[in-house]
Amino acid sequence: MLETLVTETSMKETSTPDRVHGDAPSRSLPPTPFYVYDQAGVQQQCDRLKAVTLPDVATVLYSLKANPNPSLVDTIVKQGLGCDVSSAFELDVALSSGVDPKNIGCVGPYKSTRLLTECVRNNIAFVAVESTD
């Protein structure tokens with residue numbers, strides 16, 4: 001059985017299909033646009049990443065910059081990956097998904113005072129400093 005994560009975007013609703021037709025039984029869908037993620041596929045990709053031979057000190061981090069959707073992040077964190085954040089919002093999503101702060105890294109050219117304060121307060125693994133300016 002295909003498990004999916006269905007999430008709405010913050011974009012303005014453009015249409016609302018009533019049913020899905022095809023091989024699968026009909027069911028109601030959320031307003032569009034929306035994204036459907038193959039949860040089993042995401043889990044398999046996480047397993048593939050973890051299977052790569054890395055030094056014991058290495059941690060695979062998922063970049064929330066790519067997609068901070070909480071349902072997706074929850075799935076990835078449950079597979080044992082950490083998070084790479086570049087904003088206070090992304091740090092909030094990572095922490096609320098239950099990722100251990102020692103598995104969170106902060107990168108990016110601009111870091112707000114709030115982001116840096118929360119990184120220190122939560123004792124995350126590292127903050128990359130690109131410049132002292």
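In which helix is the place of Leu116? Leu116 lies in helix 4, which covers residues 113–121. This briefing describes a predicted model of a protein with four helices and six strands. Its elements follow one another from the N terminus in the order β-β-α-β-α-β-α-β-α-β.

**The protein as a whole**

- The protein has 133 residues, and 32% of them are buried.
- Among the contacts in the protein with a separation of 6 or more, 40% are between residues 24 or more positions apart.
- The exposed area of the protein is about 8,800 Å², and 53% of this area is supplied by carbon and sulfur atoms.

**The open sheet**

- An open sheet is formed by four strands in the order 3-4-5-6, with parallel pairing.
- Strand 3 (61–63) and strand 6 are the edge strands of this sheet, and each of them pairs on one side only.
- Strand 4 (residues 82–85) and strand 5 (residues 104–106) run parallel and are joined by three bridges.
- Helix 3 (residues 88–96) packs on the sheet, where it touches both strand 4 and strand 5.
- The direction of helix 3 makes an angle of about 170° with the direction of strand 4.
- At the level of single residues, Cys83 stands opposite Ile104, a residue of strand 5.

**A nonpolar patch on the surface**

- Three residues, Leu116, Val127 and Val129, form a nonpolar patch on the surface of the protein.
- Together, the three residues of the patch have about 240 Å² of accessible area.
- Why can Leu116 be part of such a patch? Leu116 has a relative accessible area of 36%, so this nonpolar residue passes the cut-off of over 30% that patch residues must meet.
- With this value, Leu116 counts as partly exposed.

**The loop after helix 4**

- Asn123 is found in the loop between helix 4 and strand 6, the latter covering 126–127.
- Asn123 has a positive phi of about 55°, although Asn123 is not a glycine.
- Is Asn123 buried or exposed? Asn123 is exposed, because its relative accessible area of 62% is over the cut-off of 50%.

**Points to locate in the structure**

- In helix 4, the reader may look for Leu116, which belongs to the nonpolar patch together with Val127 and Val129.
- In the sheet, the reader may look for strand 4 and strand 5 with their three bridges, and for helix 3, which touches both strands.
- In the loop between helix 4 and strand 6, the reader may look for Asn123 and its positive phi.

Terms used
Residues numbered from 1 in each chain as written. Predicted model: local features only at pLDDT ≥ 70, side-chain atom pairs only at ≥ 80, totals over all residues. Heavy atoms only, no water. Helix = DSSP H or I, 4+ residues; strand = E, 2+ residues; numbered from the N terminus. Buried < 20%, exposed > 50% of the residue type's maximum accessible area, 1.4 Å probe, protein only. Contact = heavy atoms within 4.5 Å. Areas by Shrake-Rupley, 256 points an atom, 1.4 Å probe, with all protein chains shown as cover. Patch = residues over 30% accessible without salt bridge, like charges linked within 9 Å, V, L, I, M, F, W, Y side chains within 5 Å. Salt bridge = Lys/Arg side-chain N within 4 Å of Asp/Glu carboxyl O. Pairing = 2+ DSSP bridges. Axes fitted to C-alpha atoms, helices over the stretch in contact; angles between N-to-C directions.
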